[in-house]
Amino acid sequence: TGCCYDERMELHAHPRRKNDCPETSSRIKDIMTKFKVNGIQLVDLNSDTDLVEIPNADISEKMWRVAARVATKKEIQAVHDPSHYRWVEELSKKPFQELNRISAALEDNRNSLYTGKGTFEASLVSAGGAIETCKNVVEGVVDNAFAVIRPPGHHAEPNAAMGFCFFNNVCIAAKACQSSFPDACRRVLIVDWDVHHGNGIQKTFYEDPSVLYISIHVYIKGDFYPGRADEPSMPDGGVRHSGAKGGLGRNINIGWPSQGMGDAEYMAAFMEIIIPIAHEFDPDLVIIAAGFDAAAGDHLGGCFVTPNCYAHMTYMLMSLANGKVAVCLEGGYDSDATSSSALAVVRTLMGRPPPRMEVASIDKSAAVTLRRVRKCLAPFWECMR
């Protein structure tokens, strides 16, 4: 199992609110600390020498370090408009007062965004880390991998940054793999279990038959973030939006009608819809857009998914694509909930069987949602008929 982490991603910081903004550098630092204190050590791919000595820790397992790099302009612009790339690039050249003004204007509406001097570099490293993580998995350098990256990316649209996201890491990585390995990476499955709909991933691949995007998120009739698109005709995270043109049926939204969903609802969604369709699609690579804000304890998400459930969902996805699974961090804003969930995912990637889990009865409104999803998808997938 590989792991990608780079301290340069900590350069992205709010110009004013250092500690009270949900998306901070502590998100990735806390995950790495959780790995270390639980006996998981990062070692270099070309050496058996431990990179970091952890006093008083029982080093019993190793992950191979996948080196991050800066994504190239060409890689970014395979997904994003040149004007958007220039906008993010220009942030690094602006004075502190201007960054402060931009952040104040953007953070309190649907944009939900802040900018800093290091935002451009951190965003490039985050995207580059996702690319290298996925490429190492496709090439077989590692069996599977976890990219501990930030800023997140799944809200970033081709021409807009929003929701703490500047460049869409998962989309950029998927495109890079398909470009570099056209025969070995023809079909890509992206499973997005962040509590928020990945509007940016949906918009990028909505008409693309080679990418199956499945998002499981809180919807609440379009009122939960990211909400409805600025253009009324633009598809949002609603169940009925299932792709267009060649990509018809390749976009799947499992939008919960309320917060409060937990292990029972997520396991039902996986066993009834996600895994059967994923096997029928038969991907060459699985990318998990792994936001952990649906985890129990994350107050922004308001859901109750446990680490054991994340382990089981990961385990099921490992049955696809000969086990070629790349996990890329998205949201997750409670330190303990996020790091504990990430640890459960990594242990599963490393070969530990998921812990035994008791599952309660599914919420009735969630059951109705799953039936609606199956009905919408029946014309496109035999397993839904």
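Which residues are linked with E23 in a network of salt bridges? The network joins E23, R27 and R150; it is shown in the second of the views described below, all taken from a predicted model.

**Figure 1. Confidence along the chain of the predicted model.** The protein chain has a mean pLDDT of 93, and 95% of its residues reach 70 or more. Residues 48-59 form a stretch with pLDDT below 50. In the model this stretch has 22 contacts beyond near neighbours in sequence. Where pLDDT is low, the predicted coordinates should not be read in detail.

**Figure 2. The salt-bridge network of E23, R27 and R150.** Within this network, the side chains of E23 and R150 meet in a salt bridge, with an N to O distance of 2.8 Å. The pair links distant parts of the chain, 127 residues apart: E23 is in the loop between β1 (2-4) and α1, and R150 is in the loop between β4 and α6 (169-180). E23 counts as buried, at 0% relative accessibility. R150 is likewise buried, its relative accessible area being 0%.

**Figure 3. A salt bridge between helices α10 and α1.** The side chains of D336 and K34 meet at 3.8 Å, N to O. D336 belongs to helix α10 (residues 335-349) and K34 to helix α1, so that distant parts of the chain, 302 residues apart, are linked by the pair. At 49% relative accessibility, D336 counts as partly exposed.

**Figure 4. The salt bridge of R228 with D223.** Side chains of opposite charge can pair when their charged atoms come close. The closest N and O atoms of R228 and D223 are 2.9 Å apart. R228 is partly exposed, with 46% relative accessible area, whereas D223 counts as exposed at 57%. A search of the whole structure finds 13 salt bridges.

**Figure 5. The aromatic pair of F35 and F146.** The count for the structure comes to 9 aromatic pairs. The rings of F35 and F146 are edge-to-face, at 6.2 Å centre to centre and with 85° between the planes. F35 lies in helix α1 (residues 26-37) and F146 in strand β4 (residues 145-147), so the pair ties together parts that are 111 residues apart in sequence. F35 is buried, with a relative accessible area of 1%. F146 is buried as well, at 0%.

**Figure 6. The aromatic cluster of Y85, F120 and F167.** Ring pairs link these residues, Y85, F120 and F167, into a cluster.

**Figure 7. A nonpolar patch on the surface, formed by L45, W64 and V141.** Together, L45, W64 and V141 have about 230 Å² of accessible area. L45 is found in the loop between β2 (40-44) and β3 (61-66). With 32% relative accessibility, L45 counts as partly exposed.

**Figure 8. The surroundings of helix α9.** Helix α9 (residues 307-317) has 8 of its 11 residues buried, so it is largely enclosed by the rest of the structure. The buried residues are C309, Y310, A311, H312, M313, T314, M316 and L317. What covers the buried residues of α9 includes the strands β5 (188-192), β8 (285-290) and β9 (325-329). The cover also includes the helices α8 (263-281) and α10.

Terms used: Residues numbered from 1 in each chain as written. Predicted model: local features only at pLDDT ≥ 70, side-chain atom pairs only at ≥ 80, totals over all residues. Heavy atoms only, no water. Phe/Tyr/Trp six-rings, centres within 6.5 Å; stacked < 30°, edge-to-face > 60°. Helix = DSSP H or I, 4+ residues; strand = E, 2+ residues; numbered from the N terminus. Buried < 20%, exposed > 50% of the residue type's maximum accessible area, 1.4 Å probe, protein only. pLDDT = per-residue confidence, 0-100. Contact = heavy atoms within 4.5 Å. Patch = residues over 30% accessible without salt bridge, like charges linked within 9 Å, V, L, I, M, F, W, Y side chains within 5 Å. Areas by Shrake-Rupley, 256 points an atom, 1.4 Å probe, with all protein chains shown as cover. Salt bridge = Lys/Arg side-chain N within 4 Å of Asp/Glu carboxyl O.
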